[in-house]
Amino acid sequence: GGGRGGKQIRKRNRKASPMSAGAAPGSEDWLDAQRLAWARKKMQEAALELQLAQKRMIARQEQRRLITITQARERAALARAAEAERVSRARQEAERLNRARAAAALLDAGSAPGPPAPLPEGWTAHKDSKGRTYYKNHKLKTTTWNRPE
């Protein structure tokens, strides 16, 4: 009796389709109904696979979009840093030129208002190996590039 019970379970678990409702197992109609059910199942699986593939594609597109945005932000930050560096160098160069112009103006005898005032007591002027003037105070034991007043 065990074989018969198995057939009954299979009969109860098998979904009846309109084509197989009255068809005898093993008949052409029954086989066609089985093939149709199998084809429907495969179509459903394919539709689910298509949906998953579309979701993966959308996720990859979003990931690429975010990477592109991140790269654009990084490029903009690098450009801002480079611009800040250029501005800093330009300011330093302008300051250097202004100091050089001021020094040239002081050295220009035609524009000098007269001889410089004498140094305060204890101070003496000296030249370094590059010809630049520095000032030394022997009492305080200090030196400076700036002329003491």
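**A three-stranded sheet and the side-chain pairs around it**

Strands β2 and β3 run antiparallel and are joined by three bridges, where strands are DSSP runs of E with at least two residues, helices are DSSP runs of H or I with at least four residues, both being numbered from the N terminus, and two strands pair if DSSP finds at least two bridges between them. The model is a predicted one, in which local features need pLDDT of at least 70 and side-chain atom pairs count only at pLDDT 80 or more, whereas totals for chains, interfaces and linings use all residues. Residues are numbered from 1 along each chain as its sequence is written, and side-chain values use heavy atoms, with hydrogens and water left out.

Within the pairing of β2 and β3, Lys-136 has Thr-143 in β3 as its bridge partner. The two strands form a hairpin with four residues between them, and Lys-141, in the turn, has a positive phi of about 55°. On the other side of the connectivity, β1 and β2 also run antiparallel and are joined by five bridges; Trp-123 has Asn-137 in β2 as its bridge partner, while His-126 stands opposite Tyr-134 in β2. This hairpin of β1 and β2 has five residues between its strands, with Gly-131 in the turn showing a positive phi of about 85°. Together the strands make an open sheet of three strands in the order β1-β2-β3, with antiparallel pairing. Strands β1 and β3 stand at the edges with a single partner strand each, so one side of each is left without a neighbour in the sheet. Neighbouring strands of this sheet are turned by 30° against each other on average, direction ignored, the axes being lines fitted to C-alpha atoms, for helices over the stretch in contact, and angles running from 0 to 180 degrees between N-to-C directions.

A search of the whole structure finds one aromatic pair, a pair being counted if the ring centres of Phe, Tyr or Trp (its six-membered ring) lie within 6.5 Å, with planes under 30 degrees apart taken as stacked, over 60 as edge-to-face and the rest as tilted. The rings of Tyr-134 and Trp-145 have centres 6.1 Å apart and planes at 75°, so the pair is edge-to-face. Tyr-134 lies in strand β2 and Trp-145 in the segment after β3, so the pair ties together parts that are 11 residues apart in sequence. With a relative accessibility of 23%, Tyr-134 counts as partly exposed (buried means under 20% relative accessible area, exposed over 50%, and partly exposed in between, with a 1.4 Å probe and protein chains only).

Both aromatic residues are touched by Asp-128, residues up to four places away in sequence not being counted, where contact means heavy atoms within 4.5 Å. Asp-128 is placed in the loop between β1 and β2 and is buried, with a relative accessible area of 19%. A polar atom of the Asp-128 side chain lies 3.0 Å from the backbone nitrogen of Lys-130.

The structure holds eight salt bridges, each defined as a side-chain nitrogen of Lys or Arg within 4 Å of a carboxyl oxygen of Asp or Glu. One of them joins the side chains of Lys-139 and Glu-121, at 3.2 Å from N to O. Lys-139 lies in the loop between β2 (133-137) and β3 (142-144) and Glu-121 in the loop between α2 and β1 (123-127), so the pair ties together parts that are 18 residues apart in sequence. Lys-139 and Glu-121 are both exposed.

Helix α2 also contains salt bridges, among them that of Glu-83 with Arg-86, in which the closest N and O atoms are 2.7 Å apart. Because Glu-83 and Arg-86 are three residues apart in helix α2 (residues 28-107), about one helical turn separates them. Glu-83 is partly exposed at 40% relative accessibility, and Arg-86 is likewise partly exposed, with a relative accessible area of 45%. Glu-93 forms a salt bridge with Arg-96, the closest N and O atoms being 2.6 Å apart, and these two residues both lie in helix α2, three residues apart, or about one turn of the helix. Glu-93 is partly exposed, with a relative accessible area of 36%, and Arg-96 is partly exposed at 41% relative accessibility.

Note on methods: Polar contact = N/O pair within 3.5 Å; in protein donor to acceptor, adjacent residues only side chain to side chain.
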